[in-house]
Amino acid sequence: MNFMESFYTALEGIWANKMRSALTMLGIIIGITSVIAVTALGEGGQKAINDEMEKFGQNTFNVFINWETKEKIESDDLTIDDAAVLGRISPAIEYIVPYSGTTIELKGPKKEERANLTATTADYFNIQKRMKVTKGRLFSDTDDKEQRAVVVLEDKLGEKLFGQMNPIGQRVRWGNNSLVVIGTYSEEKFKFDMGQETFGAVVPIQYYNSLLEEPSIHSFMGTAVDKASVNSAMQQAKQYLTRKHQKNDHYMVRSMQESVDQFNQLTGTLTLIFSIIAGISLVVGGVGIMNIMLVSVTERTREIGIRKALGARRSDILIQFLIESIIVCLIGGLVGVLCGLGIAALISHFANLPPLLSWNSVFIAFGFSSAIGIFFGLYPANKAAKLDPIEALRYE
């Protein structure tokens, strides 16, 4: 019996027991579906979030206090002058600005609204390229140096505070402070932000510090001249601050790329763990295939005896049952791939995450299906091949 005859005979055996074959495939289908869905969602979500993070600037970095430092943390550990000096002396730094932030209540003529207040310098707007002026203007270095009580509002915040009124030139109140609105801006938000919608407002940092009993800077935000210079820019900033303030291991620097790499490592680990868990069902499905194939060998003992009596070799019987086991696994694998991609597409539609078809995962799924068919089908096939034709013909 040649290979094609064995193939057609295996198909006939599967078709003759359609319900049993379908139930046998179920474990493989569930396992492959889980692996493909998890992989597609994991890789697609990872790519989508990486793309979003890159919009925030591949060359950006932050400098902040190491809160685990053994040195005493003081209000002048980061200063406006430090940022200005770094911007002048470091050839790797394009822009670097002091940054402080808090949540406040802003009151306009129409209503009072919670806002995320950012206090910084005028170069902040050169770093945040996602911000576009919609009305008026942004504050300048002069506004900052003269500590002018001006504010730039996110356009949606302006609409809530002023309704249909033009906010430019109007005043908003923040506690006992009155600020003049000089501009509004729109900002592209992080696509996967699941938190409560919030609105921003930006004020000059020297005005903000003038309101504090003990002025302090939370962090520095900077951009390097290009992607290759990010590490140099971070190291120069850290070395300068360490040398000036005479504090070792007191400052930390982190780039956007480091955050992306950490995220990729986390999602990669989670995808691997979920894939392994899903892969366990493939092993369970393989045990089911072995069980069903043993039942099939028992049921077809007389058929095997007749084939051997007519001249079928041991290898012919072995190949026939092995092919039958592999076909069951491959059909289950194909159905599982289609179901996995369908489930991934459905979930991604509602979660706003594009599924990413990984051909590697498809090939691995089919390879694993074939391996399961061979591994768990080998014992039943070998058992069938070893049957004594005389004893097989006597079997009832």
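## A buried acid and its salt bridges

Asp143 is buried: its relative accessible area is 0%. This is a predicted model, and every value below is computed from it. Asp143 still has a charged partner. Its side chain forms a salt bridge with Arg148, and the closest N and O atoms are 2.6 Å apart. Arg148 counts as partly exposed, because its relative accessibility is 34%. So this bridge joins a buried Asp143 to a partly exposed Arg148.

The pair belongs to a network. Arg137, Asp143, Glu146 and Arg148 are linked in it by salt bridges.

## The protein as a whole

The protein contains 13 helices and 10 strands. It has 396 residues, and 44% of them are buried. Its accessible surface comes to about 20,900 Å². Carbon and sulfur atoms account for 57% of that surface.

How many of the contacts between residues at least 6 apart in sequence join residues at least 24 apart? The share is 81%.

## Other salt bridges

The structure holds 9 salt bridges. Beyond the Asp143 network, here are two of them.

One is the bridge between the side chains of Glu105 and Arg114, at 3.1 Å from N to O. Glu105 has 30% relative accessibility, so it counts as partly exposed. Arg114 reaches 52% and therefore counts as exposed; the cut-off for that class is over 50%.

Another links Glu113 and Lys111, at 3.3 Å from N to O. Glu113 counts as buried because its relative accessibility is 15%, and buried means under 20%. Lys111 has a relative accessible area of 37%, so it is partly exposed.

## Two nonpolar cores

The largest nonpolar core has 42 residues. Which of them touch the most other members? They are Leu106, Val151, Leu153, Leu157, Val172 and Phe220. Helix α8 supplies the largest share of this core, with 6 residues. A second, separate core has 26 residues, including Ile32, Met293, Leu322 and Val328.

Leu153 gives a view of the packing in the largest core. Set aside residues up to four places away in sequence, and Leu153 still touches a long list of partners. Among them are Leu106, Leu161, Phe162, Val172 and Val181. Others on the list include Gly158, Gly183, Thr184, Tyr185, Gly200 and Ala201. Two of these partners, Leu106 and Val172, are named with Leu153 among the core residues that touch the most other members.

## Helix α8

Helix α8 covers residues 230–245, which makes 16 residues. From first C-alpha to last it reaches 23 Å, close to the 22 Å expected at 1.5 Å a residue.

Which residues of α8 are buried? They are Val230, Ala233, Met234, Ala237, Tyr240, Leu241, Thr242 and His245. The spacing of many of these has a general background. An α-helix has 3.6 residues a turn, so residues three or four places apart point the same way. Val230, Ala233 and Ala237 are among the buried residues of α8, and so are Tyr240 and Leu241.

## The loop after α8

Gln246 follows α8 directly. It sits in the loop between α8 and β10. Its phi is near 55°, a positive value in a residue other than glycine. Gln246 counts as exposed, because its relative accessibility is 63%.

Asp249 lies in this loop too, ahead of β10 (251–255). Asp249 also has a positive phi, about 55°, although it is not a glycine. With a relative accessible area of 57%, Asp249 is exposed.

What does Asp249 contact, leaving aside its neighbours within four places in sequence? The partners are Asn66 and Thr69. Thr69 and Asp249 are 180 residues apart along the chain, yet their C-alpha atoms are separated by 6.4 Å.

## A nonpolar patch on the surface

Five nonpolar residues form a patch on the surface: Leu266, Leu270, Ile273, Phe274 and Ile277. Together they have about 470 Å² of accessible area.

Phe274 is found in helix α9, which spans residues 256–299. Is Phe274 buried or partly exposed? It counts as partly exposed, because its relative accessibility is 46%.

Technical notes. Residues are numbered from 1 along each chain as its sequence is written. This is a predicted model: local features need pLDDT of at least 70, side-chain atom pairs count only at pLDDT 80 or more; totals for chains, interfaces and linings use all residues. Side-chain values use heavy atoms; hydrogens and water are left out. Helices (H or I, at least four residues) and strands (E, at least two) are DSSP runs, numbered from the N terminus. The expected span of a helix is 1.5 Å times one less than its number of residues. Buried means under 20% relative accessible area, exposed over 50%, partly exposed in between (1.4 Å probe, protein chains only). Patches are made of residues with over 30% relative accessible area and no salt bridge: like charges are joined within 9 Å, nonpolar side chains (Val, Leu, Ile, Met, Phe, Trp, Tyr) within 5 Å. Accessible areas come from the Shrake-Rupley method with a 1.4 Å probe; for residues, only the protein chains shown count as cover. A salt bridge is a side-chain nitrogen of Lys or Arg within 4 Å of a carboxyl oxygen of Asp or Glu. A nonpolar core is a set of buried Ala, Val, Leu, Ile, Met, Phe, Trp, Tyr and Cys residues joined through side-chain atoms within 4.5 Å. Contact means heavy atoms within 4.5 Å.
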